[in-house]
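Let's take a relaxed walk through a protein structure. Have a look at the sequence and the 3D view before reading on.

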Amino acid sequence: MNYPNKKQVLPVVFYISIVVVSLQFVPATGKDALSNRDGRITSPMFYKAIAEAVKKADEYYYEEIDRKEMYEGAIKGALAALGDPYTYYLPERQQKREKEDLYHSKFGGLGIQIYVDKGLIKIARPLPDSPAIKAGLQAGDYIVKVGDVKLDIGGPGGQTRDDIIDILRGRVGTKVTITIQRRGLREQFDVTLTREEILPKSVRKGMLENQIGYIQISSFTGRTNAEFKTAISQLQDGGMTALILDLRDNAGGLLEQANYVVDAFISEGAIVSTRGREHRFNQEYPAHDSLLCPPDIPLVVMVNEYSASGSEIVAGAIKDTKRGVLVGTDTYGKGLVQQRFPLKNGGGSVSLTISEYFTPSGASIHEKSITPHVVVANRTTETVNVDGSIKEFVEKWIEENEKTAGETPTEADFAVLEGELPELISSLGQEFVANLQKSVRQKARRIFDVNLGIYPLVDLKNDKQLAEAIRILNEGQVESILAAAPTANL
């Protein structure tokens, strides 16, 4: 997933439950219905003006128009006038996708993670126990056709990734035929799959050295709480003595799900509160007595500049209550709550910022961010972007070795590829700094893993923030760091 710069709008926002609002055209009933006595524009006058503008365009514009697109554009323009990047219009398709991925976290599909490459859909990895696995699909396979539809993402046909997702997803039990181009094979081949219920996971877990549990939450979806409870329980059954909670690159999600995660660690006080212009949106979410993760389990929470909204709820509450140590870099700084309002007329919905949220100490972090107790940068400075050269080198190496050996490389084969990287580094020129070799290795490893569907839970060799979190726990420094930290210093 690509994430924006700090100055850009974060793509995932923070939501609570949905209510219904109606935007319907109100007919004018006379002169007084169009304006107030002081000449100010009224809602009926505005609706009539939009309808008239669309009608004029329909009559006189030199090409055919799409009335629906124009009315949607009017809604987008009206919401954009508020100057809030988190307030916007969602078309019906986007609203449907959001319900599947965020609220319900389930849909009828094939069980593949995909991305766009060379104008085609490329499989990042098939999910365990999915129709894709059963059909023998592999990471690195290109989907060149779905049914009779040839794929050309971004080409003259105007296809988008979302268009293809709409075709691949569908009702459970229905079938879809896709055409695959596989590395090392000259001929394409068809595969027919039966859609099943897919439950994408937002939580991953594992056990590190010295029985340190590790849980990564990628987003707060409708199933995060259940997945998180299962992960904690399994780690405890495995003898967990400390825990690292990784919220890096987690851009948010559902408020109540973030609240559930905090409630696992805090037994009293408020976890988070929200305040808005409408009093009905003012809420307080209290902690409960029962703890899923008791205080004798030392806790480190990892955050970075893309930890936003729900992640900041968790990080802020943990920091305010001194339940754990935060490691990483300053968070994004999004302290606003959005609510979806479906539109009865015309479909779609509007996302409106309805309130601001506050940490247990009453602090707002909107546009301020949360500073970790221990600041650790995790990125190597690079002087030149060599991604394209590395990608071409690694993918060519994989394809040639598949042809030679007659089988797909495994994770162990990266050591062979690594031995050939000096050749790549030498070809890149002399102007690169001394850290280029490490940078190239890291990028090559990422591309190698993506093309072969290898997704290691952690990178103990290169992840500086994780190494620091482990060191703090191994050396028993959580209590001393928290004792030295001022209260509510966000």
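What follows is a short report on the overall build, the confidence and two of the helices.

Keep in mind that this is a predicted model. Across the protein, the mean pLDDT is 88, and 88% of the residues reach 70 or more. One stretch is a weak spot: over residues 6–34, pLDDT stays under 50. The model still has 86 contacts beyond four places in sequence for that stretch. Where pLDDT is low, though, the predicted coordinates should not be read in detail.

Now for the big picture. The protein contains 15 helices and 20 strands. Of its 490 residues, 46% count as buried. Take the contacts between residues at least 6 apart in sequence: 70% of them join residues at least 24 apart. The accessible surface adds up to about 25000 Å², and carbon and sulfur atoms account for 51% of that.

Here are two helices with their buried residues:

| Helix | Buried residues |
|---|---|
| Helix 8 | Leu-255, Gln-257, Ala-258, Asn-259, Val-261, Val-262, Asp-263 |
| Helix 10 | Ile-390, Phe-393, Val-394, Glu-395, Trp-397, Ile-398, Glu-402 |

Helix 8 covers residues 255–263, and 7 of its 9 residues are buried, so the rest of the structure largely encloses it.

Helix 10 runs over residues 387–405, which is 19 residues. At 1.5 Å a residue it should span 27 Å, and its end C-alpha atoms are indeed 27 Å apart, so the two values agree. Just after helix 10 comes Gly-406, with a positive phi of about 75°.

How values were computed:
Residues are numbered from 1 along each chain as its sequence is written. This is a predicted model: local features need pLDDT of at least 70, side-chain atom pairs count only at pLDDT 80 or more; totals for chains, interfaces and linings use all residues. Side-chain values use heavy atoms; hydrogens and water are left out. pLDDT is the predictor's confidence in each residue, from 0 to 100. Contact means heavy atoms within 4.5 Å. Buried means under 20% relative accessible area, exposed over 50%, partly exposed in between (1.4 Å probe, protein chains only). Helices (H or I, at least four residues) and strands (E, at least two) are DSSP runs, numbered from the N terminus. Accessible areas come from the Shrake-Rupley method with a 1.4 Å probe; for residues, only the protein chains shown count as cover. The expected span of a helix is 1.5 Å times one less than its number of residues.
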